[in-house]
Amino acid sequence: MESAILAMPYRSVTIARPSLLLGSRAEYRLGEQIAKRLAFLAPRRYKPVHADAVAATLVSAAKDDVPGRRIIESKDIGVAAP
């Protein structure tokens, strides 16, 4: 999917690659509950991120309106740009 989007002639493309998304859900997901409890063992790039942080990061990228292609990895979600 990413390759197809990046191949399109948009002036600006931002792709977010979040790890496990945290936030309230309508249904219970046992695997996610286990992963959340074990997250402290994961390297920083795989730490769970809150869905609100993903949304805020994407809104910020849209407001910045920087031309080109940008991929935001999970470890960079919610981190202010320099």
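Which residue just after α3 takes a positive phi? That's D65, with a phi of about 50 degrees.

Before going on, a word about the model: it's predicted, so local features need pLDDT of at least 70, side-chain atom pairs count only at pLDDT 80 or more, and totals for chains, interfaces and linings use all residues. Residues are numbered from 1 along each chain as its sequence is written, and side-chain values use heavy atoms, leaving out hydrogens and water.

The protein has three helices and four strands (DSSP runs: H or I of at least four residues for helices, E of at least two for strands, numbered from the N terminus). Along the sequence they come in the order α-β-β-α-β-α-β. Its C-alpha trace spans about 40 × 30 × 25 Å along the principal axes. Of the 82 residues, 15% are buried (under 20% relative accessible area; exposed is over 50%, partly exposed in between, with a 1.4 Å probe and protein chains only).

Now for helix α3. Its 14 residues, 51–64, should span 20 Å at 1.5 Å a residue, and the end C-alpha atoms are indeed 20 Å apart (the expected span is 1.5 Å times one less than the number of residues). Its buried residues are V54, T57 and A61. They sit on the same side of α3 because their arc around the axis is only 65 degrees, taken from the directions from the helix axis to the C-beta atoms. On the face turned away from that buried side you'll find the exposed D52, A62 and K63.

What covers the buried residues of α3? The cover includes these strands:

| Strand | Residues |
|---|---|
| β1 | 12–17 |
| β2 | 21–22 |
| β3 | 49–50 |
| β4 | 68–73 |

Technical notes: Contact means heavy atoms within 4.5 Å.
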